[in-house]
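Visitor: I am new to this structure and would like a close look at a single part of it. Could you take one place and follow its connections outward, step by step?

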Amino acid sequence: MAKKNLKRKQKTQTEVVKEDESKVILPLVRRSDEPVIKKAKWINRERVLVFGTRGISFQHRHLMKDIIKLLPHAKSANKMERKENLFVVNEMCKMSHCNKCILFDGRLQRDLYMWFSNSPDGPSIKFNVESIFTSAELKLTGNCLKGSRPLLSFDNSFDEHPQYSLLREMFVQIFGVPDHHPKSQPFVDNVLNFSVLDNRIWFRNYQILDENGAIAEIGPRFVLQPIRIFKGSFCGETLWENPFYVTPAKTRRLLKDNKKDKYTNNKIQRKAKKTKELLAPFRVKPENEIFRDGNVKEKAKHVIAKNKKAF
Amino acid sequence: MTIVMSSDVDSEEELLELYASGKLKPGLNIPVEEDKVFINNVKAMKEAIASFQSSLPWSERLDIVAEVAPMAPELSMEITEQQQFLKAGKIDEVALNDFKRETMFHRQAQTAVMRGVELLRKHNIATHRPEDYFAEMFKSDEHMQKVRHAPLQRKTSLEQTEKVRRIRKEKKLAKEKQVAAIQAKHKQKRDFNENIKKFRKGLRNDLDFLETDSGKKNKKKDDGGGGGEKKKNLSRAQHKRKGKDTKYGFGGKKRGMKENTTESTFGGSGKSNFKGKNKGRINKNKRMSSKK
């Protein structure tokens, strides 16, 4: 343990020296009784607990690992048993000295819900996560330093609607990497992009290539559909409900329902066609009408008479 | 008539009572569900924001509100189109179109970068990593190597398949040509021999065929060319059918086609049923007689 601590100290000191180099050139000779350079201030003591429940699929787990990688101030924990009450999470946060929490709540290895919470006082938000692509499965060209501080880019609608501005504050506190965090890097080289489209929040991660706005995507990609905002952390009254939210089970059912009538419709149509054919088997040519039934000769006379009248 | 049902299961007596009192009328009765009221407590939300908002300076937060950036003029038409769609409520038009959606996010991030860089400079935060600064990256070198090789691999594999296809086609053509040449040669020889035989027997008096042979050949070649053009006029499906017919045969029983029959063994008409490899070869008796 002692060794580890030492290493960390050394690293931070070298970083500090590097920053100073960019500002002022240090003199070559220094006196031994000179005061030691003080550690840079690490004010923002935000820590985020990132973990999942049993029932998350491999893809969800990879997404979780991506997010942990993005956030140097994140702490991971063991998978939680689904039987436990979610209120236990607050205690877990307290135990691991975290004041924010991202919980990956998986159901049946299929649906993923994400909880963003400000522990222990709240608020907390429950999201449904859709169209997940982890950084490993996306073959994107961008890359950034592990633990570098990202810019957080928000859409205009994060200012317009109160529910989104609450989400924005939450995202800023969770995804914003604290300045001078020992595991972070002293450069800003990526942008986390949050935009609202179709009542969902689309998450994208870009690398800053140069300062004129050239960017390249890094990954991961996912879409958050907010379901509810609670006043407390994993508890309390509901502040907001998404009126457009449809549960994934229901969407699946609707999709299935669409297919359900295909077979019966087909059957009905075939039957109808058959009966139609039976009723009028020779309706194709108009001449055949004459031979259908009755006396042919009389009909022919009738037709001739008609033609004469017409002339 | 529609009536709001008090409970899900109404007993017959209750229904009868309702009917007697005139609340229920004959016809189709459908239970009407009340619209769900969605909670949207704006005041409480604002309070919640105020309660947990951090008072840290911008250099700790690094958040930017950015609209979609303007782009090159040739693309600006498209942008206005997108915004019109959004304004008209046709969100699906953008949300379901991968390219439109991703460009929108991309441009939003671009504005954020341009604004952010200015602010970062103001706060004296480094954006550029020096060349000699090495640290662990978000994505491993292994993964980046894969990414770099992916398009290359795709290209080489495409080239490979193209090459194989070309060679196969060339081989097929060459074989066809060879067979055609052999057959033409045999036919020429056969005709020549027949003519000589006729001349010997006195059926023919002139020896023109010795000179005009090459002329005939040329004519025949021209005819062949015309046939080729006809082939080209075939529709795609017909062409395919024809190809398959030549490859697998067309119609009838295939079994026993190559077996000997009485006809084949005892000469008969002299025409053989099967398509042998050596189509140009003629009956041995004929050959022997022509040699004399």
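Guide: A:E217 counts as buried, because its relative accessible area is 11%, where buried means under 20% relative accessible area, exposed over 50% and partly exposed in between, with a 1.4 Å probe and protein chains only. The residue forms a salt bridge with A:R221, the closest N and O atoms being 2.9 Å apart; the term stands for a side-chain nitrogen of Lys or Arg within 4 Å of a carboxyl oxygen of Asp or Glu. A:R221 is buried as well, with a relative accessible area of 18%. Salt bridges that share partners draw these two into one network, which joins A:R204, A:E217, A:R221, B:D98, B:R101 and B:E102.

Before going on, please keep in mind that this is a predicted model, in which local features need pLDDT of at least 70 and side-chain atom pairs count only at pLDDT 80 or more, while totals for chains, interfaces and linings use all residues. Residues are numbered from 1 along each chain as its sequence is written, chains are lettered from A and ligands numbered from 1 in the order in which they are written, and side-chain values use heavy atoms, with hydrogens and water left out.

From the network we can turn to strand β8 of chain A, residues 200-208, where helices (H or I, at least four residues) and strands (E, at least two) are DSSP runs numbered from the N terminus. In β8(A), 9 of the 9 residues are buried, so the strand is largely enclosed by the rest of the structure. Both of its faces are covered, with A:R200, A:W202, A:R204, A:Y206 and A:I208 buried on one side and A:I201, A:F203, A:N205 and A:Q207 buried on the other.

The neighbours of this strand come next. β8(A) pairs in the antiparallel sense with strand β7 (residues 185-197) of chain A over 8 bridges, two strands being paired if DSSP finds at least two bridges between them, and A:L197 stands opposite A:R200. β7(A) and β8(A) form a hairpin with 2 residues between them, and A:D198 in the turn has a positive phi of about 60°. On to strand β10 (residues 221-230) of chain A, which runs antiparallel to β8(A) and is joined to it by 3 bridges; here A:W202 stands opposite A:V223. Strand β9 (residues 215-217) of chain A is likewise antiparallel to β8(A), with 3 bridges joining them, and the bridge partner of A:I208 in β9(A) is A:I215. β8(A) and β9(A) also form a hairpin, this one with 6 residues between the strands and with A:G213 in the turn at a positive phi of about 105°.

A:R200 also has a charged partner, for it forms a salt bridge with A:E130 in which the closest N and O atoms are 2.7 Å apart. This pair links distant parts of the chain, with A:R200 in β8(A) and A:E130 in strand β5 (residues 124-133) of chain A, 70 residues apart. A:E130 is partly exposed, at a relative accessible area of 23%.

The network named at the start includes residues of both chains, and that leads to the interface. The count between chain B and chain A is 7 salt bridges, while over all chains it comes to 24. One of those across the interface brings together the side chains of B:R61 and A:E169, at 3.2 Å from N to O. In another, the side chains of B:E136 and A:K146 meet at 3.7 Å, N to O; B:E136 lies in the loop between α6 and α7 of chain B and A:K146 in the loop between β5 and β6 of chain A, so the pair joins two chains. B:E136 counts as exposed at 52% relative accessibility, whereas A:K146 is partly exposed at 29%.

Strands meet across the interface too: strand β6 (residues 148-154) of chain A and β1(B) pair in the parallel sense over 3 bridges, and A:L152 stands opposite B:D63. The contact, meaning heavy atoms within 4.5 Å, takes 62 residues from chain B and 77 residues from chain A. The two chains bury about 6,200 Å² between them, 61% of it on carbon and sulfur atoms; buried area is the accessible area (1.4 Å probe) that two parts lose on being put together, summed over both.
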